[in-house]
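The following dialogue introduces a structure to a reader who has not met it before. Please examine the sequence and the model before reading on.

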Amino acid sequence: MKKAGIILDKDFVIGDIDKRIYGSFIEHLGRAVYGGIYEPDHPKADELGFRKDVAELVKKLNVPIVRYPGGNFVSGFNWEDSVGPRDKRPKRLDLAWFTTETNEVGLHEFAEWAEMAGSDIMYAVNLGTRGPEQARDIVEYANHPSGSRFSDMRIANGRKDPFNIKLWCLGNEMDGPWQMGQKTAVEYGRTANEAAKMMKWVDPSIEVVACGSSSSEMPTFGSWEMEMLDLCYENVDYVSLHRYYENPTGDTPGFLARTMDMDGFIKSVAAICDAVKGKKHSKHVVNLSFDEWNVWYHSRQQDEEIWKQDKWNRALPLLEDIYNFEDALLAGSMLITLIRNADRVKVACLAQLVNVIAPIMTRNGGGAWAQTIYYPFMHASAFGRGKALNALVDSPVYACIDYDDVPYIDAAATMDDDGNVTVFAVNRDMKEDYEITIDLRSFGNMTISEHIIMHNDDVKAVNTEENPDNVVPVKGQGGTVNDGKAVIKVGPLSWNVIRFKKA
Ligand code: AHR
């Protein structure tokens, strides 16, 4: 059996974990809204048309914030279309996803759903086809108490109290040629600055997220952040990062190493924020919002076929990735990466939540079930709260296509307000068991309260409506704690949650 070690110290803290790193995302895309959270004809729909079975699965994930209404969708969206009497709301062609948007669900309905699900809203404004004026208007509509054109419009539409949305995205992926109203870094930096100023003049309590690069693979990555931040630094609070990984060649070790890239991406964007801060002699700190992350590639071919046959229909079944076991391992490792960077990443959104590259799947008129990636997210969201600890991991390494030194054991640790410690660990080794020694001496007497593992002999194993429990977490075999050192065995290719409490 191979060996690895993790040293933890209660005083070696990376930072407080902002609960919003366990956020998610619902876009008007595919069956995320229509056929996902909302299906009025479904036998399990509530009186507002929201599926109760889906809401139950969402609630178990304990998602503190949900990004809405896009995504690429938002760059052609007129928020006014989605409020007011439903029979007067226009049907619009959505040029992001070649779908017809009916606007049956808009801000009021989504806010009802979010409240029921226990989530706040992170609202994206359209800086693609629209600009600062309409961004200001929607803040007034959502957050101003009363006595102005848009706040009174909200009241007339049935909502007396403001929605009080605290976190706003200044557009979406504005560097991408696929985006309606794509901009250069200079065009975007100026627009974002003016939008942020005006939005904050309406409601000074809000925070705003400027668009970073839509991926670290964009040719403009780095210069985009530098140039646009130079123009809006003092007025923005976060820069967004988006990243999706794929494994089209079936290279599991290479795929599981992709979080090395994610870590580098985070560190680079944080360094650029700080470089701009230095250049401006500023005291203001801009942090990171990793507001789209996941695996995304399984459905790409299928989407091309759908568009060939069925462009412009409502709620096309787009981006319906079916996630397998190795995807869950990478999702776990991505969560570990977010926890390890908790000092700078204050918001993160698993993209997305239902049906569209999502942990939760539904069938129209049928069941709802959890995909493989649901479980690492559920565990991290449940147990990864409090403080992120600096876990010093000593692990054998391997070489793969992109890196020479990938640790087989990828781990992060957290400590909650009661002093309970949780270690999240992925064993990337395809064959070997590992004996992990966790040094907990600074915490006093600790015992193992729980060990959860997730493993499947088949990396391509999936959950389906018929077989929803094919890949699920089970109780692990735990381990021993002697003289402040825990020794735990973790199997090959496994996701592990090891929880400690005071003895
Ligand atoms: O999450 C799916 C899409 O991915 C989003 O609409 C867009 O922002 C990104 O390219």
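The questions and answers below concern the core, one helix and the pockets.

Student: What kind of model is this, and how are its residues numbered?

Tutor: This is a predicted model, in which local features need pLDDT of at least 70, side-chain atom pairs count only at pLDDT 80 or more, and totals for chains, interfaces and linings use all residues. Side-chain values use heavy atoms, with hydrogens and water left out, and residues are numbered from 1 along each chain as its sequence is written.

Student: Which helix gives the most to the largest nonpolar core?

Tutor: A nonpolar core is a set of buried Ala, Val, Leu, Ile, Met, Phe, Trp, Tyr and Cys residues joined through side-chain atoms within 4.5 Å; buried means under 20% relative accessible area (1.4 Å probe, protein chains only). This core holds 169 residues, and Trp113, Tyr123, Trp168 and Ile438 touch the most other members. Helices (H or I, at least four residues) and strands (E, at least two) are DSSP runs numbered from the N terminus, and the helix that contributes most, with 10 residues, is H10 (residues 325-340).

Student: Why is H2 described as largely enclosed by the rest of the structure?

Tutor: The buried residues of H2 are Leu107, His108, Glu109, Phe110, Ala111, Trp113, Ala114 and Ala117. Their cover includes helix H1 (52-61), strand E4 (65-68), E7, helix H3 (132-143) and helix H4 (149-156). H2 is largely enclosed because the number of its 11 residues that are buried is eight.

Student: Which element gives the largest share of the lining of the largest pocket?

Tutor: On a 1 Å grid over the protein atoms alone, a pocket is an open set of points where a 1.4 Å probe fits, with protein on both sides within 12 Å along at least five of seven lines; lining residues have an atom within 4 Å of a point. The lining of the largest pocket has 36 residues, and those nearest its centre are Ser215, Tyr244, Glu246, Trp296 and Arg300. Strand E10 (238-245), helix H7 (252-256) and helix H9 (300-310) each give two or more residues to this lining. The largest share, four residues, belongs to H9.

Student: Which helix gives the most to the lining of the second largest pocket?

Tutor: Among the 15 residues of this lining, Ser119, Asp120, Ile121, Phe163 and Asn164 are the closest to the centre of the pocket. Helix H2 (107-117) and strand E7 (120-125) each supply two or more lining residues. The helix that gives the most, with three residues, is H2.

Terms used
Buried < 20%, exposed > 50% of the residue type's maximum accessible area, 1.4 Å probe, protein only. Contact = heavy atoms within 4.5 Å.
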